[in-house]
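Take a look at the fold below before reading on. Keep it in view as you go.

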Amino acid sequence: MRASTVDDLRAPLKTLRFLADEFPDLPAADVHVSTLSPDRLELSFHDGLGAFEAWRAALAIGPDAVHFGTQGVDDSTMHLRAEGPYGACTLRLVAYAPAPSGLHAAEVAA
């Protein structure tokens with residue numbers, strides 16, 4: 001379902017407000033709410049993995065729920081992603097960081 005009004009985005013916006021009130025000391029994130037996925041709130045981190053881990057721990061997301069991958073030329077960027085229900089929406093955490101030389105997602109997954 002595509003959102004056509006701000007009211008259609010109520011679930012992720014209320015979740016964002018709750019998170020801001022509940023966890024004011026956690027690192028700031030890029031916030032993404034989309035009319036294409038009106039039931040999802042995405043928090044992304046582009047300065048390393050520490051902020052992702054702080055949020056993951058605060059939200060009690062288990063390490064087994066985290067997916068790892070690489071992207072870019074020669075897999076030069078690694079990313080972590082965790083997603084699950086939170087309140088009335090789906091909450092997605094995403095982090096990006098430079099990958100150590102020679103690291104490839106296929107090798108880590110094996």
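What follows is a walk through this predicted model, from the chain's start to its core and its sheet.

Start at the beginning of the chain. R2 sits in the segment before α1. Is R2 buried or exposed? R2 is exposed, because its relative accessible area is 57% and anything over 50% counts as exposed. R2 still has partners from elsewhere in the sequence. Setting aside residues up to four places away, R2 touches T35 and L36. Now look for P98. R2 and P98 are 96 residues apart along the chain. Their C-alpha atoms are separated by 34 Å.

L36, one of the partners of R2, leads to the next stop. The backbone nitrogen of L36 lies 2.9 Å from a polar atom in the side chain of S34. Where is S34? S34 belongs to the loop between β1 (30–33) and β2 (40–45). S34 has a relative accessibility of 15%, so it counts as buried. The cut-off for buried is under 20%.

Next comes helix α1, which spans residues 10–22. R17 is found in this helix. With 59% relative accessibility, R17 counts as exposed. The C-alpha atoms of R17 and A28 are separated by 13 Å. Along the chain, these two residues are eleven apart.

Now turn to α2, residues 50–58. Which residues of α2 are buried? They are A51, F52, W55 and R56. These residues lie on the same side of α2, because they cover an arc of only 135 degrees around the axis. The face turned away from that buried side carries the exposed residues G50 and A57. So what does the buried side meet? The buried residues of α2 pack against α1, β2, β4 and β5. After the helix comes A60. The phi of A60 is positive, near 55 degrees.

This brings us to the core. Nonpolar side chains tend to be buried together in soluble globular proteins. Here the largest nonpolar core has 16 residues. Which members touch the most others? They are L19, L43, F45, F52, W55, L59 and L93. At least two core residues come from each of β2, α2, β4 (77–86) and β5 (89–98). The largest share comes from β5, with four residues.

Take F45 as an example. Leave aside its neighbours within four places in sequence. F45 is then in contact with P27, A28, A29, A51, F52, W55, L93, V94, A95 and Y96. F52, W55 and L93 are in that list of contacts, and they are also among the core members that touch the most others.

The strands come next. Strand β3 covers residues 67–71. Five bridges join β3 to β4, and the two run antiparallel. Find T70, which stands opposite M78 in β4. The hairpin of β3 and β4 has five residues between the strands. In this hairpin, G72 takes a positive phi near 90 degrees.

Then follow β4 into β5. How many bridges join these two strands? There are ten, and the strands run antiparallel. One example starts at G84, whose bridge partner in β5 is L91. The hairpin of β4 and β5 has two residues between the strands. Here G87 takes a positive phi near 60 degrees.

Finish with the aromatic rings. The structure holds two aromatic pairs. F18 and Y86 form one that is tilted. Their ring centres are 6.4 Å apart, with 45 degrees between the planes. F18 is in helix α1 and Y86 in strand β4, so the pair links distant parts of the chain, 68 residues apart. F18 is partly exposed, with a relative accessible area of 40%. Y86 is partly exposed too, at 22%.

F23 and W55 also form an aromatic pair, and this one is edge-to-face. Their centres are 5.9 Å apart, and the planes meet at 70 degrees. F23 lies in the loop between α1 and β1, while W55 lies in helix α2. That is a gap of 32 residues along the chain. Are F23 and W55 buried or exposed? Both are buried.

Methods: Residues numbered from 1 in each chain as written. Predicted model: local features only at pLDDT ≥ 70, side-chain atom pairs only at ≥ 80, totals over all residues. Heavy atoms only, no water. Buried < 20%, exposed > 50% of the residue type's maximum accessible area, 1.4 Å probe, protein only. Polar contact = N/O pair within 3.5 Å; in protein donor to acceptor, adjacent residues only side chain to side chain. Core = buried A, V, L, I, M, F, W, Y, C linked by side-chain atoms within 4.5 Å. Contact = heavy atoms within 4.5 Å. Pairing = 2+ DSSP bridges. Arc of directions from axis to C-beta. Phe/Tyr/Trp six-rings, centres within 6.5 Å; stacked < 30°, edge-to-face > 60°.
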